[in-house]
Amino acid sequence: LVSRKWRVHPTVLDLGDGIHLGEGSLSIVAGPCSIENEAQMEAVMQHLVQSGVRLMRGGVFKPRSSPYSFRGLGLAGLRDFYRLARQHGLRIVTEVMQVSQVEEMYDYVDVFQVGARNTQNFNLLDALGGVDKPVLLKRGVSGTIEELLHSAEYIFSGGNEHIILCERGIRTFETASRNTLDLNAVPILKEKTHLPVFVDPSHGIGLREHVAPLALAGIMAGADGILYETAPVPERAASDGQQTLDFDESARLVEAMRRTYALR
Ligand code: PEP
Ligand code: MN
């Protein structure tokens, strides 16, 4: 069902308010790794509105390698996130980690994100197949392109055709970067599937100083959208500060991405 052989025309998702995701326009999704408090959200939202970015990311349920790390504000944080975003005319993308959260989160989510640790959580994929909101599906940490497409097939076959695929780096033998951003996946996915394909350079390399060139490379490789992390003071972020852009860097990147997309 997700194959180009089955559907020739690219799938474009309509989020309302003139926001479309997929072929024909460049989508930009930016925001902190974790939602931390109202002041942080306000600052990010003002920055995004000023930059003309309509989609904000931010986790309230965080999959952390250590159980002692900050694990997110949970549902209460999500309600504030959604309410503030609406006030600023923004749409939100946020991670759902387990089946029971799908229903709890539903009223406060524009796009459900499935994280790289849950790409093959088939029960979660089944649950998301039954909702009428878009799902941004990340590639598994050690997942192949084929496995990512199978995971999308779970959601699609359950009745939800609103899916975005996202390359976010895979685990390889390389230790110089957090993950290895597999840009090969972009043209291959664009050839194989009609679904929108995004790139997440932040988790892809894990190094703030190298996020921008990889975002631009992702666009030139054919990505329909870029998702990256930005926060007021990256050094003080509760998670992923080492790969998070400050607002100056973020604003420059947005400009550069638009120029790059226009050249494609
Ligand atoms: C995130 O987007 O903050 C995140 C946890 O991503 P991933 O699942 O790709 O690691
Ligand atoms: Mn993160």
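Start by selecting Gln243, which sits in the loop between β10 and α9. What you have open is a predicted model, so treat every stop on this tour that way.

**Stop 1: Gln243 and its surroundings**

Is Gln243 buried or exposed? Gln243 counts as buried, because it has 25 C-beta neighbours inside 10 Å and the threshold is 20 or more. Now show its contacts: leaving out residues up to four places away in sequence, Gln243 touches Ser202, His203, Gly206, Leu207, Arg208, Val211 and Glu229. Add Gly204 to the selection as well. Gly204 is 39 residues from Gln243 along the chain, and their C-alpha atoms are separated by 9.4 Å.

Stay in this loop and click on Asp240, which is also found between β10 (225-229) and α9 (247-263). Check the backbone here: Asp240 has a positive phi of about 55°, although it is not a glycine. Asp240 counts as buried, with 20 C-beta neighbours inside 10 Å.

**Stop 2: a second aspartate with positive phi**

For a contrast in setting, jump to Asp17, in the loop between β1 (13-14) and β2 (20-21). Phi of Asp17 is near 60°, again a positive value in a residue other than glycine. Asp17 is exposed, with 10 other C-beta atoms within 10 Å.

**Stop 3: ligand 1**

Next, select ligand 1 and bring up its shell. Which residues surround ligand 1? They are Cys33, Gly59, Pro63, Gly115, Ala116, Lys138, Arg168 and His203. By class, the shell divides into 3 nonpolar, 3 polar and 2 charged residues. You have met His203 already, as one of the residues that Gln243 touches.

From the shell, pick Ala116, in the loop between β6 (111-114) and α4. Ala116 counts as buried, with 23 C-beta neighbours inside 10 Å. Leaving aside residues up to four places away in sequence, Ala116 touches Lys138, Arg139, Gly140, Val141 and Arg168. Lys138 and Arg168 also belong to the shell around ligand 1. Then add Glu167: the C-alpha atoms of Ala116 and Glu167 are separated by 9.4 Å, and the two residues are 51 apart along the chain.

**Stop 4: the nonpolar core**

Hide the ligand and colour the core. The largest nonpolar core has 75 residues, and Leu137, Ala152, Leu165, Phe198 and Ile226 are those with the most contacts inside it. Which helix gives the largest share of this core? Helix α5 (residues 145-157) does, with 6 residues.

Zoom in on Leu137. Ignoring neighbours within four places in sequence, Leu137 is in contact with Val114, Thr119, Ser151, Ala152, Ile155, Ile163, Ile164, Leu165 and Cys166.

**Stop 5: helix α5**

Now show α5 by itself. Its end C-alpha atoms are 18 Å apart, which agrees with the 18 Å that its 13 residues should span at 1.5 Å a residue. The buried residues in α5 are Leu148, Leu149, Ser151, Ala152, Tyr154, Ile155 and Phe156. Bring back α4 (122-129), β7 (135-138), β8 (163-167) and α6 (185-192) to see what those residues pack against. Just after α5, look for Gly159, which takes a positive phi of about 115°.

**Stop 6: helix α6**

Move across to α6, where Ala185, Val186, Leu189 and Lys190 are buried. Look down the axis of α6: its buried residues fall within an arc of 125°, so they line one face of the helix. They pack against α5, β8, β9 (197-199) and α8 (211-221).

**Stop 7: helix α2**

Finish on α2 (residues 74-87). This helix has 14 residues and reaches 20 Å from its first C-alpha to its last, close to the 20 Å expected at 1.5 Å a residue. Where do its buried residues sit around the axis? Select Gly77, Leu78, Phe81, Tyr82 and Ala85, which are buried. They cover an arc of only 135° around the axis, which puts them on the same side of α2.

Turn on the neighbours: what covers these buried residues includes α1 (38-51), β4 (55-57), β5 (91-95) and α3 (99-105). Then rotate to the face turned away from the buried side, which carries the exposed residues Ala76, Arg83 and Gln87. The last click is Gly89, just after α2, with a positive phi of about 70°.

Definitions and conventions
Residues are numbered from 1 along each chain as its sequence is written. Chains are lettered from A and ligands numbered from 1 in the order in which they are written. This is a predicted model: local features need pLDDT of at least 70, side-chain atom pairs count only at pLDDT 80 or more; totals for chains, interfaces and linings use all residues. Helices (H or I, at least four residues) and strands (E, at least two) are DSSP runs, numbered from the N terminus. The expected span of a helix is 1.5 Å times one less than its number of residues. A residue is buried if 20 or more other C-beta atoms lie within 10 Å of its own, exposed if 12 or fewer, and partly exposed in between; C-beta atoms are placed from the backbone. The arc is that of the directions from the helix axis to the C-beta atoms. Two residues are in contact if their C-beta atoms, placed from the backbone, lie within 7 Å. A residue is near a molecule or strand if its C-beta atom, placed from the backbone, lies within 6 Å of it. Ala, Val, Leu, Ile, Met, Phe, Trp, Tyr, Cys and Pro count as nonpolar, Asp, Glu, Lys and Arg as charged, and the others, Gly among them, as polar. A nonpolar core is a set of buried Ala, Val, Leu, Ile, Met, Phe, Trp, Tyr and Cys residues joined through C-beta atoms within 7 Å.
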